[in-house]
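Hello,

Here is the structure I said I would pass on. Please open it alongside this email; my notes follow below.

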Amino acid sequence: MEIKSRDKHRIIVNFGEPVNSFEWMVVNDNVMGGISKGQVERTKQETMKFLGRLSLKNNGGFSSVRSQIPDFTLAGYDGLMLKIRGDDRYYSVLVTTLERGRTWQTKFKTSTKWQIVKVPFKKMQMSVMGWRPNVSPKITGNRIRAIGFIIADKNETPFTLEVDWIKAYID
């Protein structure tokens with residue numbers, strides 16, 4: 001696929017658009033018996049806010065939010081750029097393919113100030129139901145069908161991650 005020079009930074013999600021064609025779904029540890037709480041909302045400032053509280057009870061301890069993207073949206077791109085701010089905690093951006101139970105993730109630390117985080121696909125590591133294999137295939141943009149965020153830092157205080165936009169980029 002040939003990408004024109006003006007598309008070296010393609011907006012994938014912009015929460016400031018009047019109609020956002022993406023729906024965000026929360027997936028918490030309750031899928032395996034945990035009781036963590038997470039939710040997602042669109043703010044008056046036209047951003048997405050992912051917030052909640054982790055619980056380590058019942059072997060839990062994660063909360064995530066995800067959105068499907070149209071097939072091949074990221075084909076030909078090298079990674080994602082995120083405009084985010086948070087609560088000085090660690091989160092991971094995640095991407096998924098059609099293979100159930102597998103995600104590719106990269107961890108980043110938030111700041112209470114807006115920041116741009118660059119996530120190269122080649123640095124993302126595969127996770128299978130929370131387990132990281134020693135060797136895993138690399139992810140490429142043409143295989144990605146969903147994007148999202150996850151927090152699993154074993155900290156039971158409330159969390160908040162705010163996202164202004166998500167872009168794809170080419171090096």
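**What I found**

Gln115 sits in strand E9. This is a predicted model, so please read everything below in that light. Leaving aside neighbours within four places in sequence, Gln115 is in contact with Leu82, Lys83, Ile84, Lys109 and Thr110. Tyr77 is 38 residues from Gln115 in sequence, and the two C-alpha atoms are 21 Å apart in space.

**Overall fold**

The protein has 12 strands and 0 helices. Read along the sequence, the pattern is β-β-β-β-β-β-β-β-β-β-β-β. The radius of gyration is 16 Å, close to the 16 Å that the globule rule gives for 171 residues, so the protein is as compact as a globular protein of that length. Along the principal axes, the C-alpha trace spans about 50 × 40 × 25 Å.

Buried residues make up 47% of the 171 residues. Among contacts with a separation of 6 or more, 74% join residues 24 or more positions apart. The protein exposes about 9,600 Å², and carbon and sulfur atoms supply 50% of that area.

**The largest pocket**

The largest pocket holds about 1,200 Å³ of space. Its lining counts 40 residues, and the closest to the pocket centre are Val27, Phe62, Arg66, Leu94 and Thr103. Which elements give two or more residues to this lining? They are strands E2 (24–28), E5 (63–68), E7 (90–96), E8 (102–109) and E11 (146–151). E7 provides the largest share, with 5 residues. By type, the lining residues divide into 16 nonpolar, 13 polar and 11 charged.

**Strand E2**

Met25 is found in strand E2, one of the strands named above for the pocket lining. Not counting residues up to four places away in sequence, Met25 touches Ser64, Val65 and Arg66. Arg66 is also listed among the residues closest to the pocket centre. Met25 and Trp131 are 106 residues apart in sequence, and their C-alpha atoms are 22 Å apart in space.

**Strands E8 and E10**

Arg102 is in strand E8. Ser127 is in strand E10, which covers residues 125–128. The two residues touch. Are they buried or exposed, or partly exposed? Ser127 has a relative accessibility of 5%, under the 20% cut-off, so Ser127 counts as buried. Arg102 is at 30% and therefore counts as partly exposed.

Their contacts, again leaving aside neighbours within four places in sequence, are as follows.

- Ser127 touches Gly101, Arg102, Thr103 and Gln105.
- Arg102 is in contact with Thr96, Met126, Ser127 and Val128.

Thr103, in that first list, is another of the residues closest to the pocket centre. For distance, take Arg102 and Tyr90: they are 12 residues apart along the chain, and their C-alpha atoms are separated by 20 Å.

**The loop before E10**

Lys123 lies in the loop between strand E9 (115–120) and E10. With a relative accessible area of 57%, Lys123 is exposed. Not counting residues up to four places away in sequence, Lys123 touches Gln105 and Thr106. Gln105 is also a contact of Ser127. Lys123 and Thr97 are 26 residues apart along the chain, with 16 Å between their C-alpha atoms.

**Two backbone angles to look at**

Most residues other than glycine have a negative phi. Which residues have a positive phi although they are not glycines? Asn58 and Asp88 both do.

- Asn58 has a phi of about 60 degrees. Its place is in the loop between strand E4 (48–53) and E5. At 49% relative accessibility, Asn58 counts as partly exposed.
- Asp88 has a phi of about 65 degrees. Asp88 lies in the loop between strand E6 (79–85) and E7. At 43% relative accessibility, Asp88 counts as partly exposed.

That is the full set of notes. Over to you.

Best wishes

How values were computed
Residues are numbered from 1 along each chain as its sequence is written. This is a predicted model: local features need pLDDT of at least 70, side-chain atom pairs count only at pLDDT 80 or more; totals for chains, interfaces and linings use all residues. Side-chain values use heavy atoms; hydrogens and water are left out. On a 1 Å grid over the protein atoms alone, a cavity is a set of points where a 1.4 Å probe fits but cannot get out, and a pocket is an open set with protein on both sides within 12 Å along at least five of seven lines; lining residues have an atom within 4 Å of a point. Grid points are joined across faces, edges and corners, and a volume is the space filled by probe spheres set on the points. Helices (H or I, at least four residues) and strands (E, at least two) are DSSP runs, numbered from the N terminus. Ala, Val, Leu, Ile, Met, Phe, Trp, Tyr, Cys and Pro count as nonpolar, Asp, Glu, Lys and Arg as charged, and the others, Gly among them, as polar. The radius of gyration is taken over C-alpha atoms; the globule rule is 2.2 Å times the number of residues to the power 0.38. Buried means under 20% relative accessible area, exposed over 50%, partly exposed in between (1.4 Å probe, protein chains only). Contact means heavy atoms within 4.5 Å. Accessible areas come from the Shrake-Rupley method with a 1.4 Å probe; for residues, only the protein chains shown count as cover.
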